[in-house]
Amino acid sequence: MTGVQTCALPISFILLTIFTLPLNASAVSIGAGPSEVAFTSISRGGYGEETITVSTSGSEDLSISFTVEGDAAEWVTVKPSNTFKLAARGRHDATLAVNVPDDTENGVYTARVRIRAEPTSQVTQGAGVSVGAAVEVKLSVNVTGKGVGVYQVARDRKSTRLNSSHIPLSRMP
């Protein structure tokens, strides 16, 4: 019996210590809209932009970062930057820019834009928990034809035939 009583004292001391530690918890809320971005017709070598808004209703400043995954991921750039600070209860516009390579086949390509938020504050006293959050925006790009470009036209002096060649806008000086 004596062994049981001496064991119970340290356990109650540990439990008392755990419950008296100040616990700082941080929860993050984040939203983004629109939840889907569709570029319905971009030509090979073409370019498009769409603005999304990132917002929080939380009471903490957040550190926001963007990552892009999927078959169109290499074409997508976040402007002005893929990381920024978002003030408590704030909103921030970001531009998703798509630049389709000249040699892309016609078709629908997709990507997922993941927006991750983490509190900028650090736990300074006691035990603490910091929880981040993420939201995804679905992106689709419908690549169609050669599109608008500049054509160079030359007349063959020996015949009445006109010769033309396509110069994509992305290659214009």
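Me: In which loop is the place of Pro 101, and how should I begin to read such a position?
Reply: A good habit is to place a residue between its flanking elements before looking at its surroundings. In this predicted model, Pro 101 lies in the loop that links strand 8 to strand 9.

Me: Does Pro 101 count as buried, partly exposed or exposed?
Reply: Such a label depends on the relative accessible area, and the middle class runs between 20% and 50%. Pro 101 has a relative accessibility of 29%, so this residue counts as partly exposed.

Me: Which residues does Pro 101 touch, once those up to four places away in sequence are set aside?
Reply: Pro 101 touches Arg 44, Gly 45 and Trp 75 on that count. With Arg 44 one can also compare the path along the chain with the separation in space, since 57 residues lie along the chain from one to the other, while their C-alpha atoms are separated by 6.1 Å.

Me: What can be said of contacts across the chain as a whole?
Reply: Taking contacts between residues at least 6 apart in sequence, 71% join residues that are at least 24 apart.

Me: Which elements make up the chain, and in what order do they run?
Reply: The chain has 1 helix and 13 strands, and the helix precedes the run of strands when the elements are read from the N terminus on.

Me: How do I read the pairing of strand 8 with strand 4 and strand 6?
Reply: For each pair one looks at the direction and at the bridges. Strand 4 and strand 8 run antiparallel and are joined by 9 bridges, with Val 54 standing opposite His 92 of strand 8. Strand 6 and strand 8 also run antiparallel, joined by 4 bridges, and here Val 78 stands opposite Leu 96 of strand 8.

Me: In what order do the 5 strands of the open sheet stand?
Reply: The order across this open sheet is 3-11-9-5-7, and its pairing is mixed. Strand 3 and strand 7 each have a single partner strand, so each is an edge of the sheet with one side left without a neighbour there. From one strand to the next, the twist averages 20 degrees.

Me: In which sense do strand 3 and strand 11 pair?
Reply: These two strands pair in the parallel sense, over 5 bridges, and Phe 39 has Val 141 in strand 11 as its bridge partner.

Me: Which residues have the most contacts inside the largest nonpolar core?
Reply: As a general idea, nonpolar side chains in soluble globular proteins tend to be buried together. Here the largest nonpolar core has 30 residues, and those with the most contacts inside it are Ile 64, Phe 66, Ile 115 and Val 141. The elements that give two or more residues to this core include strand 5, strand 9 and strand 11. Ile 64 touches, among others farther than four places away in sequence, Ile 30, Val 54, Phe 84, Leu 86 and Ile 115.

Me: How much of the chain counts as buried?
Reply: Of the 173 residues, 27% count as buried. The accessible surface of the chain comes to about 11400 Å², and carbon and sulfur atoms account for 54% of that surface.

Me: Is Thr 56, in the loop between strand 4 and strand 5, buried or exposed?
Reply: With the cut-off for buried set at under 20%, Thr 56 is buried because its relative accessible area is 7%. The side chain of Thr 56 reaches the backbone nitrogen of Gly 58 at 3.0 Å. Beyond four places in sequence, the residues that Thr 56 touches include Ser 29, Leu 62, Leu 86 and Gly 90.

Methods. Residues are numbered from 1 along each chain as its sequence is written. This is a predicted model: local features need pLDDT of at least 70, side-chain atom pairs count only at pLDDT 80 or more; totals for chains, interfaces and linings use all residues. Side-chain values use heavy atoms; hydrogens and water are left out. Buried means under 20% relative accessible area, exposed over 50%, partly exposed in between (1.4 Å probe, protein chains only). A polar contact is a pair of N or O atoms within 3.5 Å; within protein, one must be able to donate a hydrogen and the other to accept it, and residues adjacent in sequence count only if both atoms are side-chain atoms. Contact means heavy atoms within 4.5 Å. Accessible areas come from the Shrake-Rupley method with a 1.4 Å probe; for residues, only the protein chains shown count as cover. A nonpolar core is a set of buried Ala, Val, Leu, Ile, Met, Phe, Trp, Tyr and Cys residues joined through side-chain atoms within 4.5 Å. Two strands pair if DSSP finds at least two bridges between them. Axes are lines fitted to C-alpha atoms, for helices over the stretch in contact, and angles run from 0 to 180 degrees between N-to-C directions.
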